[in-house]
Each structure stands twice: as structure tokens, then as C-alpha cells.
Amino acid sequence: MTVLAFTLSFVAIAYTGYRVTVSEKMWVLHQVELLINRIPMIRTIYRVSKKLVNLLGSQEKSVAKEIVFIEYPKDGLWVPGYVTNKVGEMLVVYVPTSPNPTSGFTIIVHQSKVVKSSMDIEAVTSFIVSVGVDLHQKEELEKLADLERAGISNQTSK
């Protein structure tokens with residue numbers, strides 16, 4: 001509970017800093033941001049929180065808004081993930097855990113190992129928070145089932 005409160009506090013501070021930076025109206029808050037950037041541990045948490053708020057809060061379409069499914073922890077089990085970065089053919093994917101999408105893990109995976117999703121970030125987050133109850137795009141599951149059937153038929157014909 002303490003970690004959650006700590007995380008939410010820093011996300012709120014990062015978001016406030018972002019909003020003020022965009023408006024360029026508050027010189028005092030800019031000075032506070034400069035002060036925060038001088039404190040080693042706080043600077044790191046603030047910088048990462050600010051990037052996360054920018055990632056999830058921006059309206060522009062970017063690679064960070066891409067949703068994929070990954071077979072994890074073994075073949076046949078699919079989990080949704082957010083693509084947060086891309087280098088060549090390698091994707092950095094954040095895989096959130098249910099019901100709290102702020103906890104999870106980050107993996108680096110080849111793009112051939114993922115299935116792109118048509119769901120947006122809000123739909124996937126709602127799916128994760130609701131522990132799978134809120135799934136409006138059932139065709140996503142049908143697509144994964146079709147891939148699974150194709151994989152099984154390919155394995156049996158070998």
C-alpha cells in the first residue's frame with residue numbers, strides 16, 4: 001500500500017510538472033523542477049514518472065501506443081503488452097499484471113514473436129484491471145485461437 005501511494009504521488013508530481021512545462025506560465029514550478037533534478041534518487045523517479053505520464057497521456061500516435069500479445073510464460077498462453085520502444089526488429093514490451101497494471105515486467109522480444117492487437121491502450125487497460133471481464137473486442141481472442149489452431153496443425157503435420 002505504501003509503494004502504491006509513493007508511486008501515485010510521483011506520477012501526480014510528474015504530471016503536474018508536465019502540464020506546467022507545456023503551458024510555460026509558471027516560472028516557480030520550473031525552478032522546483034530544476035531543484036528536483038539535483039536530488040539523485042528523486043531525479044530518477046521524477047524523470048521516469050514524467051516519461052510514463054507523457055507516454056500514456058499524449059494524444060499522438062506513436063510506437064508506445066501499440067498493443068501486442070505475447071506467448072508467456074509458455075506456448076499457448078497469451079498476455080497483452082504495451083510496446084514501449086523499438087530498436088530494429090526488437091521490441092521492448094511492458095507486460096502488466098492483473099488487476100494492477102502499474103505492476104508488471106518488461107521484456108525484449110523479436111517482433112516475429114508477437115501478435116499485433118487492434119485494441120487501444122484504454123481497452124487493454126480496462127481488460128487487465130477487470131481481470132478479463134471487460135473484453136469488448138472478442139475477435140482478439142478468436143484471432144489468437146486461430147493462431148493456436150494453425151500452430152497445432154503445423155506441429156502435427158511435421
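Which residues make a nonpolar surface patch of about 360 Å²? In this predicted model, the patch is formed by Met1, Leu4 and Leu8. Methionine 1 sits in the segment before α1, the helix that spans residues 2-23. With a relative accessibility of 81%, methionine 1 counts as exposed, because the cut-off for that label is over 50%.

The overall architecture comes next. The chain contains five helices and five strands, and their order along the sequence is α-α-α-β-β-β-β-β-α-α. Of the 158 residues, 27% are buried. The accessible surface adds up to about 10,800 Å², and carbon and sulfur atoms account for 63% of that area. When contacts between residues at least 6 apart in sequence are considered, 41% of them join residues at least 24 apart.

How confident the prediction is can be read from the pLDDT. The chain has an average pLDDT of 78, and 80% of the residues score at least 70. Over residues 153-158, however, the pLDDT is below 50, and this stretch has zero contacts in the model beyond near neighbours in sequence.

The interior can be described through its nonpolar cores. In soluble globular proteins, nonpolar side chains tend to be buried together. Here, the largest nonpolar core consists of 10 residues, namely Val68, Ile70, Val79, Val83, Leu91, Val93, Val95, Ile107, Val109 and Val114. At least two residues of this core come from each of the strands β1 (67-71), β2 (78-87), β3 (90-96) and β4 (104-110). Strand β3 supplies the largest share, three residues. Another core, of nine residues, lies apart from this one and includes Ile67, Met119, Ile121 and Ile128. Within the largest core, valine 109 offers a good place to look at individual contacts. Once its neighbours within four places in sequence are set aside, valine 109 is in contact with Ile70, Glu89, Met90, Leu91, Val93 and Val114.

Tryptophan 78 is another helpful residue to find in the structure, and it belongs to strand β2. Is tryptophan 78 buried, exposed or partly exposed? Its relative accessible area is 23%, so tryptophan 78 is partly exposed: the value falls between the 20% limit for buried residues and the 50% limit for exposed ones. Not counting residues up to four places away in sequence, tryptophan 78 touches Phe69, Ile70, Glu71, Val115, Leu144 and Glu148. One of these partners, valine 115, is 37 residues from tryptophan 78 in sequence, while the C-alpha atoms of the two are 9.5 Å apart in space.

Finally, a few features of the backbone deserve a look. Most residues other than glycine have a negative phi, and most peptide bonds are trans. Against that background, the peptide bond from tyrosine 72 to proline 73 is cis, with omega near 5 degrees, and proline 73 is located in the loop between β1 and β2. The bond from serine 98 to proline 99 is also cis, with omega near -5 degrees; proline 99 lies in the loop that links β3 and β4. Valine 131 is not a glycine, yet has a positive phi of about 60 degrees. This valine 131 is found in the loop between α4 (121-129) and α5 (139-156). Valine 131 is exposed because its relative accessible area, 57%, is over 50%.

Terms used. Residues are numbered from 1 along each chain as its sequence is written. Side-chain values use heavy atoms; hydrogens and water are left out. A nonpolar core is a set of buried Ala, Val, Leu, Ile, Met, Phe, Trp, Tyr and Cys residues joined through side-chain atoms within 4.5 Å. Buried means under 20% relative accessible area, exposed over 50%, partly exposed in between (1.4 Å probe, protein chains only). Helices (H or I, at least four residues) and strands (E, at least two) are DSSP runs, numbered from the N terminus. Contact means heavy atoms within 4.5 Å. Patches are made of residues with over 30% relative accessible area and no salt bridge: like charges are joined within 9 Å, nonpolar side chains (Val, Leu, Ile, Met, Phe, Trp, Tyr) within 5 Å. Accessible areas come from the Shrake-Rupley method with a 1.4 Å probe; for residues, only the protein chains shown count as cover. A salt bridge is a side-chain nitrogen of Lys or Arg within 4 Å of a carboxyl oxygen of Asp or Glu. pLDDT is the predictor's confidence in each residue, from 0 to 100.
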